[in-house]
Amino acid sequence: MNALTLLRASRASIPRLAACASIHTSSVLLSASKAAHTKSIYGKEINSNSPSLQAFSARIGMNFSEPDLMLQVVTHQSFNRKLPSNEKLEILGQKALELYVTEYLHLKYPLLPVDSFQVLLEQYTGPQTLAYIGNEMGIHHILRWKPSLEENAQASTNAMMAKAVRALFGAISHDKGPAVTRKFAHAFVLSRSVDLELVLPTPEPKRMLTALMKRLGKERPISRILKETGRHSNSPVFIVGVFSGIEKIGEGYGSSIKMAEHRAAKDALQNHYLKEVKDFDLPTDTEIKSGVTYRANKLGDTPAVL
């Protein structure tokens, strides 16, 4: 595919990229919430021996030693305040989930700026993501809760699913221990792909790149045209490389030199801040794996953003 074709394709697709995942997630969750809000109290038929509860346990591959623990996971305090609820399990699960996700992302993306790192954590552990995971698991079919009349159908159902997923992690931590909890977090949460470009805003990439090169002690970035076609036509395409000394650190294309330079500087910033570490030890390895000595990776530098 040549540069001109790439440019035309990007014009058609780029405005939709950031919205695709959220639109799909919202539509799925909305259908689940509409189905759930056909009753006033949900889950009255669910008990420890319910086939649906047992099917859910089998689907996620998790059977607890305490028979009523999974029932407690899906029971919100609004269902019946006399019964054990998932409130405390939710707190435990949130902390456990954040621990395993944070340590992994911190070591995988050591150069990611703090604000972007927090956004990335939210992408993995935020309520919308957890609600989507819960919906995929089918947890909305076994939730036990009672919504208030003032609550929005979609928002309340999503919130209940997110709470139940956190409680599920809490129950796993309580019943199975850290090794199983971390494995579950990696399988159901960290296995998901996130568009990293969306967590790294670069409003002024050329200025930010100049500051970054200065911080790193490298030569000031310089843009050079690598290829071009149709300069005097209605559909010109320019491919620009940005260099620090003789090293090419980024590349971009566009219908103008300015656009190509902008994309090249953005590409250089992404190449630096989104750089992945492939092989690393996790701090919790020392607790989970016997005979493992933790080797700390080099701590990433702070971002050079003006």
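**A walk from the tail to the aromatic pairs**

Let's start near the end of the chain, where Lys278 and Glu276 make a salt bridge with their closest N and O atoms 3.2 Å apart. Keep in mind that the model is predicted. Lys278 is exposed, at a relative accessible area of 72%, while Glu276 is partly exposed at 32%. That pair belongs to a bigger tally: the count comes to 13 salt bridges.

Now for another member of that tally. Glu90 bridges to Arg166, and here the closest N and O atoms sit 2.8 Å apart. The two come from distant parts of the chain: Glu90 is in helix α4 (residues 87-108) and Arg166 in helix α7, with their positions 76 residues apart in sequence. Both Glu90 and Arg166 are buried. Lys163 joins in as well, since Glu90, Lys163 and Arg166 are linked in a network of salt bridges.

A further bridge pairs Glu247 with Lys218, with 3.8 Å between the closest N and O atoms. Glu247 is in strand β3 and Lys218 in the loop between α9 and β1, so this bridge ties together parts that are 29 residues apart in sequence. Neither end is hidden away: Glu247 is partly exposed because its relative accessibility is 40%, and Lys218 is also partly exposed, at 39%.

Stay with the strands for a moment and look at Arg224, which is placed in strand β1. Arg224 has a relative accessible area of 39%, so it counts as partly exposed. What does Arg224 touch, leaving out residues up to four places away in sequence? The contacts are Ile239, Val240, Gly241, Phe243 and Gly245. With Phe243 there is something extra: Arg224 lies over the face of that ring, 4.6 Å from the ring centre. As for Ile239, it is 15 residues from Arg224 in sequence, and the two C-alpha atoms are 8.7 Å apart in space.

There's a second arginine over a ring: Arg263 lies over the face of Tyr253, at 5.0 Å from the ring centre. For the helix α10, residues 257-273, a quick sanity check on geometry works out nicely. With 17 residues at 1.5 Å a residue, α10 should span 24 Å, and its end C-alpha atoms are indeed 24 Å apart. Part of α10 is buried, including Ala260, Ala264, Ala268, Leu269 and Tyr273. What covers the buried residues of α10? The cover includes α9 (205-216) along with the strands β1 (222-229), β2 (237-244) and β3 (247-254).

On to the rings themselves. A pair of aromatic rings is described by the distance of the centres and the angle of the planes. Searching the whole structure turns up 4 aromatic pairs. In one of them, Tyr42 and Trp145 are tilted, at 4.8 Å centre to centre and 55° between the planes. This pair links distant parts of the chain, 103 residues apart: Tyr42 is in the loop between α1 (3-36) and α2 (51-60), and Trp145 in the loop between α6 (127-137) and α7 (153-176). Tyr42 is buried because its relative accessible area is 5%, and Trp145 is buried too, at 2%. Elsewhere, ring pairs link Phe169, Phe184 and Phe188 into a cluster.

One last stop is Ser191, in the loop between α8 (178-190) and α9. Ser191 counts as exposed because its relative accessibility is 52%, just past the cut-off of over 50%. Ser191 and Tyr124 are 67 residues apart in sequence, with their C-alpha atoms 9.8 Å apart in space.

Conventions: Residues are numbered from 1 along each chain as its sequence is written. This is a predicted model: local features need pLDDT of at least 70, side-chain atom pairs count only at pLDDT 80 or more; totals for chains, interfaces and linings use all residues. Side-chain values use heavy atoms; hydrogens and water are left out. Rings of Phe, Tyr and Trp (its six-membered ring) pair if their centres lie within 6.5 Å; planes under 30 degrees apart count as stacked, over 60 as edge-to-face and the rest as tilted. Helices (H or I, at least four residues) and strands (E, at least two) are DSSP runs, numbered from the N terminus. Buried means under 20% relative accessible area, exposed over 50%, partly exposed in between (1.4 Å probe, protein chains only). A charge sits over a ring if NZ of Lys or CZ of Arg is within 6 Å of the ring centre and within 35 degrees of the ring normal. The expected span of a helix is 1.5 Å times one less than its number of residues. Contact means heavy atoms within 4.5 Å. A salt bridge is a side-chain nitrogen of Lys or Arg within 4 Å of a carboxyl oxygen of Asp or Glu.
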